[in-house]
Amino acid sequence: MGEITTLANEPPQREMPDSLMLFSFWYRALPSVQLVRNRLQKAVLLETPLVLGRDAQGRPFALHDACPHRGMPLSCGHFDGNNVECSYHGWKFEAHSGQCQLIPSLTADQKLKVDRFYAGAYACEEHDDYIWVFIPEPAPAGAGFTKAAEPPTTVPQVPKFSDKYKIAHLTADMPVTVDHGIIGLMDPAHGPFVHQAWWWRSQHSIHEKHKNFEPIPNGFRMSAHTPSSNSAPYKLLRLYADADSITTTIDFVLPNLRLETIRAGKYWFSSLTTVTPITRNQCRIDVVACWNLFRWFPFAPELLKFVFAKFVEQDRQTMEDQAEGLKHHPHLMLIDDADRPAKWYFQLKAAHLESKRTGEEMKHPMQGPVTLKWRS
Ligand code: FES
Ligand SMILES: [Fe+2]
């Protein structure tokens, strides 16, 4: 993979994105508002059925949505604020650990140790208005659950640069594999065709761009720069912030994180977008944005949300259409330089899986900074 640092005009490569989902990472399960105290809520992450809830103190939890006794979905059961009771035979499980507390059919002289049994429990945390769940490597087929291990990493968070800020989120379901969702997100060439709007840009504003990229742990960064001048909002921002320069960085980090930070003087805007595999053919995009721009201006959050919602809807519609074409498994191509980030994504993913297989340190597919050129 030594060709990465050159800009040689290689012939287009045939690439068939696979739909391998990466385990052993934190994933966004639901927006916080969807999790109401004392009510059970279903969710699916990486084809894993989950039941989520909030305990009496408001702390979220996530359990495998199948009773370890005979497989009844625990989401059919009852939650009393501490324990989840299965609807079939009334076994009770502590909501955070999944540890069995009670088997009602046992008689007084039957000394079965119920606390040895576990419903599958997943590490679950709430950050930036979202419930995150850590999905470990799947257990070997037929294996039961035991006490869950502590996750090795912390939950990714939206970067913040002041104490006071606004926060908003958006979510959209995409009927494509997580790979198509992610490369669609990092694809610079679709902008002029998919994201047209009179207040943003027109197709005629297409022009050549040079962007600097550099390797970062588990990903790559589009380095700080002044964003393209062909969009009105950036011009407005420069005026408003009274700042000479606006810097933005966009990071992509495995498995599915896109972090964007815009800073202009004391003002900042940042977002963390994730593309989450739900099943192998379905993903969900969630954007959480934080900012201290226009904090005093009452309509700003609505305005920002409107702009974001419009973009996300354009992407969603595009991927829905694309899914039609993908049904018949066409040959696909990734071309330089516009699809180079997509190639890096596949290379990163392969390197990650290889390092897991061998136990050796991950070999980063980029050897140093690279400038990519494209028209958009
Ligand atoms: S299936 Fe859940 S208690 Fe029997
Ligand atoms: Fe897009």
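In which loop does D129 lie? In this predicted model, in which local features need pLDDT of at least 70, side-chain atom pairs count only at pLDDT 80 or more and totals for chains, interfaces and linings use all residues, residues are numbered from 1 along each chain as its sequence is written. Chains are lettered from A and ligands numbered from 1 in the order in which they are written, and side-chain values rest on heavy atoms, with hydrogens and water left out.

D129 is placed in the loop between β11 (124-127) and β12 (130-135), where helices (H or I, at least four residues) and strands (E, at least two) are DSSP runs numbered from the N terminus. Phi of D129 is near 65 degrees, a positive value in a residue other than glycine, and its relative accessible area of 35% makes D129 partly exposed; buried denotes under 20% relative accessible area, exposed over 50%, and partly exposed the range in between (1.4 Å probe, protein chains only). A positive phi, near 50 degrees, is also found at L46, again a residue other than glycine. L46 is located in the loop between β3 and β4 and, at 2% relative accessibility, counts as buried.

Two cis peptide bonds may be described alongside these residues. One joins L254 and P255, with omega about 5 degrees, and P255 belongs to the loop between β16 (247-253) and β17 (257-264). The other joins D336 and D337, with omega about -10 degrees, and D337 occurs in the loop between β20 (333-334) and α5.

An open sheet is formed by four strands in the order β3-β4-β5-β10, with antiparallel pairing; two strands are taken to pair if DSSP finds at least two bridges between them. Because β3 (41-45) and β10 (121-122) stand at the edges with a single partner strand each, one side of each is left without a neighbour in the sheet. Strand β4 (residues 48-54) is joined to strand β5 (residues 60-64) by five bridges, the two running antiparallel, and within this pairing L50 stands opposite H64 in β5.

The largest nonpolar core comprises 55 residues, and those with the most contacts inside it are L52, V133 and I135; such a core is a set of buried Ala, Val, Leu, Ile, Met, Phe, Trp, Tyr and Cys residues joined through side-chain atoms within 4.5 Å. Helix α5 (residues 340-358) supplies the largest share of this core, six residues. Apart from this core lies another, of 17 residues, among them L40, F61, L63 and V114. When residues up to four places away in sequence are not counted, I135 touches F23, S24, F25, Y27, L45, L46, T48, L50 and Y122, contact being defined by heavy atoms within 4.5 Å.

The iron ion (ligand 2) has as its protein donors H190 (NE2), H195 (NE2), D315 (OD) and D315 (OD), at 2.1 to 2.5 Å; donors are N, O and S atoms within 2.8 Å of the metal (3.2 Å for Na, K and Ca), and sites may look incomplete, as water is not among the atoms. Along the chain, these donors follow the spacing H-x4-H-x119-D. H190 lies in the loop between α1 (178-186) and α2 (191-194), whereas D315 lies in helix α4 (residues 300-326), so the pair ties together parts that are 125 residues apart in sequence. Both are buried, H190 with a relative accessible area of 16% and D315 at 13% relative accessibility. The four donor atoms subtend angles of 56 to 147 degrees, and the arrangement is therefore irregular, since four donors count as tetrahedral if all angles lie between 85 and 135 degrees, four count as square planar and six as octahedral if opposite donors are over 155 degrees apart and all others between 65 and 115, and anything else is irregular.
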